[in-house]
Amino acid sequence: MTLISAPRIGIAGITGRLGTLCAEEAGDALVGGLSRTADAQRNITTDPAALAKSCDVVIDVSHASTVPAHATAFAQAGCAWVLGTTGLDQGAQDAVNAAAQHIPVLQAANFSPALTLFLELARQLGAGLPDYDAEILEVHHRQKLDAPSGTALAIGRAVAEGRGVNFEDVARTDQNGRRPDGAIGFASLRGGQIVGEHDLVLMAADEQITLSHRALDRRVFARGALLAARWLAGRPAGLYTMADALKR
Ligand SMILES: NC(=O)C1=CN([C@@H]2O[C@H](COP(=O)(O)OP(=O)(O)OC[C@H]3O[C@@H](n4cnc5c(N)ncnc54)[C@H](OP(=O)(O)O)[C@@H]3O)[C@@H](O)[C@H]2O)C=CC1
Ligand SMILES: O=C(O)C1=N[C@H](C(=O)O)C[C@H](O)C1
């Protein structure tokens, strides 16, 4: 393994809300970006393979529909991939898993250090309160395309892991009908310019506990993405998490 001390960084989704901030945080390490509209002056291309050949790691905060093509292009180019895009279907996730056989991939629905620890706490709460009703509320800006958020799903998966149950068997996004025992429920609110709010509530008849995270500035995600990119470049092929990148 040859870690890269100052990796050349590309950004897929460079014109977006988060991609723009990632470009700012990358500074001189930024070599270019990926967009549906090319911009030669900013070295922004429409071709993922072209971007991947010019950098050591790509930070990907674009759109779920681009993930399969990015997986192929980045794997073929041997470029490390920090994937923050959410809303992936199973086919897209399969493409990510396949790419991780060939290149280092760090996939995180949330690049925040505090939210990364939140996931560990959620596992512990799931394990420690197995019979409590677990519900996850997330609130985001009005432009967000996917629901529940990738972070909310990751929190639900952490609770399920703590309980030793299969997440797909217990996840509940349609709150109609009687609440099954052991379900993990989700609710989403969209409005204004909320950056990202997540609450995990565990409820019993005689008490409840709530774990909350509030992202106050989108830059927390950008700084986390850059930390992940600088950690990932040069590592062996595999699928990594934000917790791996934050290990002391
Ligand atoms: N992991 C984390 O910490 C975080 C993850 N996210 C996730 O990152 C992603 C981007 O979020 P955000 O920056 O707010 O979104 P934006 O819509 O602002 O940016 C996404 C960019 O992707 C491109 N894009 C949009 N739609 C399509 C499409 N249908 N096909 C191809 N490209 C498209 C656009 O670039 P162009 O028009 O130039 O092609 C757009 O600028 C989302 O999935 C979001 O959930 C967001 C915040 C934090
Ligand atoms: O779309 C967003 O803005 C965010 N998306 C991510 C998610 O889906 O969890 C992370 C963060 O909550 C902001």
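In which loop is proline 148 found? In this predicted model, proline 148 belongs to the loop between strand E7 (133–140) and helix H6 (150–163). The peptide bond that joins alanine 147 to proline 148 is cis, with omega at about -10°.

A second loop also holds a backbone feature. Asparagine 43 is found between strand E2 (30–34) and strand E3 (44–45). Although asparagine 43 is not a glycine, its phi is positive, at about 55°. Asparagine 43 has a relative accessible area of 43%, and because this value falls between the limits of 20% and 50%, the residue counts as partly exposed.

**Surroundings of ligand 1**

There are 20 residues around ligand 1, and those that come nearest are Thr15, Ser35, Arg36, Thr86 and Phe111. By class, the shell around ligand 1 consists of 11 polar, 6 nonpolar and 3 charged residues.

Polar side-chain atoms approach ligand 1 as listed below.

| Residue | Ligand 1 atom | Distance |
|---|---|---|
| Threonine 86 | oxygen | 2.6 Å |
| Arginine 17 | oxygen | 2.8 Å |
| Serine 65 | nitrogen | 3.5 Å |

Ligand 1 exposes 900 Å² when taken alone, and the protein buries 80% of that area. Threonine 86 thus appears in two respects: it is one of the residues that come nearest to ligand 1, and a polar atom of its side chain lies 2.6 Å from an oxygen atom of the ligand. For arginine 17, the atom concerned is an N or O atom in the side chain, 2.8 Å from an oxygen atom of ligand 1. In the case of serine 65, the partner is a nitrogen atom of ligand 1.

How values were computed:
Residues are numbered from 1 along each chain as its sequence is written. Chains are lettered from A and ligands numbered from 1 in the order in which they are written. This is a predicted model: local features need pLDDT of at least 70, side-chain atom pairs count only at pLDDT 80 or more; totals for chains, interfaces and linings use all residues. Side-chain values use heavy atoms; hydrogens and water are left out. A residue is near a molecule or strand if one of its heavy atoms lies within 4 Å of it. A polar contact is a pair of N or O atoms within 3.5 Å; within protein, one must be able to donate a hydrogen and the other to accept it, and residues adjacent in sequence count only if both atoms are side-chain atoms. Accessible areas come from the Shrake-Rupley method with a 1.4 Å probe; for residues, only the protein chains shown count as cover. Ala, Val, Leu, Ile, Met, Phe, Trp, Tyr, Cys and Pro count as nonpolar, Asp, Glu, Lys and Arg as charged, and the others, Gly among them, as polar. Helices (H or I, at least four residues) and strands (E, at least two) are DSSP runs, numbered from the N terminus. Buried means under 20% relative accessible area, exposed over 50%, partly exposed in between (1.4 Å probe, protein chains only).
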